[in-house]
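Me: I'd like to get better at reading ring pairs, sheets and helix faces from a set of coordinates. Could you walk me through an example?

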Amino acid sequence: MIARPEGARPDDDLAARREEIWTALEESELAAAHEMAQRLNPPADDYEGQLLVAIVHQETGHPKEAYEILGKLAAAPLDGDMEFTRRAHLAECAYALGQPQEALDLFYTLEPDQKEERAQLLWARGLCYDHLGRTKRADRCFAEAQELVPEYFRAPISITPEETEALVTAIAEQMPAQLRQTFEEVPIVIQDLPSLETIVASGGEVHPDTLGLYTGAHLQERSHLDPGGLPPTIYIFRRNLERISEDREALEEQIRITLLHELGHHLGFEEDDLDEYGLA
């Protein structure tokens with residue numbers, strides 16, 4: 001969530017540049033926001049500027065850098081609204097970096113007034129509980145979020161690991177012959193969630209909510225002269241797929257898309273290539 005502290009107004013050049021960055025964030029112009037934040041270089045006592053740079057880092061996929069700045073701001077004399085914003089984004093960074101207990105503790109210090117924000121907070125707590133292995137508590141949080149704002153939050157559908165494996169097998173068998181052969185060469189591992197060890201080791205590159213993951217060298221990198229390294233493997237994360245699917249049909253489609261996406265990585269496609277070939 002992008003939470004802008006109240007009361008920020010452009011009363012000088014630095015404040016005006018901050019305002020430009022807030023506007024870019026709110027309009028999802030992340031590349032522009034990142035470029036402007038790189039040039040902002042706020043002084044240490046410009047707490048709003050420091051907070052803004054941290055949020056830009058977070059929103060552009062650099063939670064480690066954001067976490068460091070937000071942690072340092074804990075000693076700053078922030079007003080109530082800015083401190084709420086700092087804690088909210090620090091919690092999100094901790095979650096993204098594979099520290100769900102720290103994130104959960106921070107989320108419990110937040111008490112928003114708006115119903116939508118309370119539902120969002122419940123959902124965030126549920127995600128933390130999920131990665132802590134407390135599945136029933138996580139599902140209660142998801143259900144409470146749905147009860148508060150049913151038009152936006154849906155309690156996840158649930159299928160067993162065995163059902164997920166059967167779906168993956170059926171979807172792989174429906175692929176064209178050439179792709180089926182490739183799937184036969186690459187093991188598909190079904191897990192509930194990416195492990196915390198994987199998330200931590202990635203430094204924020206593997207997000208806890210990721211749907212699938214490809215590990216190992218792709219075909220264009222492999223060589224008979226260099227057979228070492230990790231074997232290619234596709235991981236499918238059941239709980240994350242359940243959460244974004246409104247019904248069984250949608251879940252099947254998400255699994256198919258995820259399999260194709262990770263297969264694209266195996267074949268050596270970059271993200272832009274995946275989008276071009278409909279594998280994103």
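What follows is a conversation about the aromatic pairs, the sheet and one helix of this model.

Reply: Happy to. Keep in mind that this is a predicted model.

Me: Let's start with the rings. How many aromatic pairs are there?

Reply: The idea is to look at the distance between ring centres, with 6.5 Å as the limit. Applied here, that rule gives four aromatic pairs. Take tryptophan 123 and phenylalanine 142: their centres are 4.5 Å apart and their planes make an angle of 45°, so the pair is classed as tilted, neither under 30 degrees nor over 60.

Me: Which helices hold tryptophan 123 and phenylalanine 142?

Reply: Tryptophan 123 belongs to helix H7 (residues 115–131) and phenylalanine 142 to helix H8 (residues 135–148), so this pair ties together parts that are 19 residues apart in sequence. Both tryptophan 123 and phenylalanine 142 are buried. Ring pairs also join Trp123 and Phe142 with Tyr152 and Phe153 in a cluster.

Me: What lies over the face of tyrosine 108?

Reply: Here you look for a charged group above a ring. Arginine 125 takes that place, 4.0 Å from the ring centre of tyrosine 108.

Me: Now the sheet. In what order do its strands run?

Reply: To read a sheet, find which strands pair and then in which sense. This one is open, with three strands in the order E1-E3-E2 and mixed pairing. E1 and E2 are the edge strands, each pairing on one side only. From one strand to the next, the twist averages 20°.

Me: Where does the mixed pairing come from: which pair is parallel and which antiparallel?

Reply: Strand E1 (residues 188–191) pairs with E3 in the parallel sense over four bridges, while strand E2 (residues 212–215) pairs with E3 in the antiparallel sense, also over four bridges. You can follow this at tyrosine 235 in E3, which is the bridge partner of valine 189 and of leucine 213. Further along, glutamine 191 stands opposite phenylalanine 237 in E3.

Me: Is E3 enclosed or open to the outside?

Reply: Count its buried residues. In strand E3 (residues 233–237), four of the five are buried, so the strand is largely enclosed by the rest of the structure. Phenylalanine 237 is buried at 1% relative accessibility, whereas tyrosine 235 is partly exposed at 22%. That value for tyrosine 235 sits just past the 20% cut-off for buried.

Me: How do the rings of tyrosine 235 and phenylalanine 237 sit relative to each other?

Reply: They form a stacked pair, 6.5 Å centre to centre with 5° between the planes. As a general idea, side chains in a regular strand alternate between the two faces of the sheet.

Me: What packs around E3 from elsewhere in the chain?

Reply: One C-alpha distance to look at is the 9.0 Å between valine 168 and isoleucine 236, which are 68 residues apart along the chain. Valine 168 is in helix H9 (residues 161–173), and its 5% relative accessibility makes it buried.

Me: Last topic: how do I find the buried side of a helix such as H8?

Reply: Mark the buried residues and check how they spread around the axis. In H8, the buried residues include Ala138, Cys141, Phe142 and Ala145. These four cover an arc of only 95° around the axis, which puts them on the same side of H8. The face turned away from that buried side carries the exposed residues Lys136 and Glu147.

Me: And what is the span of H8?

Reply: Its 14 residues reach 20 Å from first C-alpha to last, close to the 20 Å expected at 1.5 Å a residue.

Terms used: Residues are numbered from 1 along each chain as its sequence is written. This is a predicted model: local features need pLDDT of at least 70, side-chain atom pairs count only at pLDDT 80 or more; totals for chains, interfaces and linings use all residues. Side-chain values use heavy atoms; hydrogens and water are left out. Rings of Phe, Tyr and Trp (its six-membered ring) pair if their centres lie within 6.5 Å; planes under 30 degrees apart count as stacked, over 60 as edge-to-face and the rest as tilted. Helices (H or I, at least four residues) and strands (E, at least two) are DSSP runs, numbered from the N terminus. Buried means under 20% relative accessible area, exposed over 50%, partly exposed in between (1.4 Å probe, protein chains only). A charge sits over a ring if NZ of Lys or CZ of Arg is within 6 Å of the ring centre and within 35 degrees of the ring normal. Two strands pair if DSSP finds at least two bridges between them. Axes are lines fitted to C-alpha atoms, for helices over the stretch in contact, and angles run from 0 to 180 degrees between N-to-C directions. The expected span of a helix is 1.5 Å times one less than its number of residues. The arc is that of the directions from the helix axis to the C-beta atoms.
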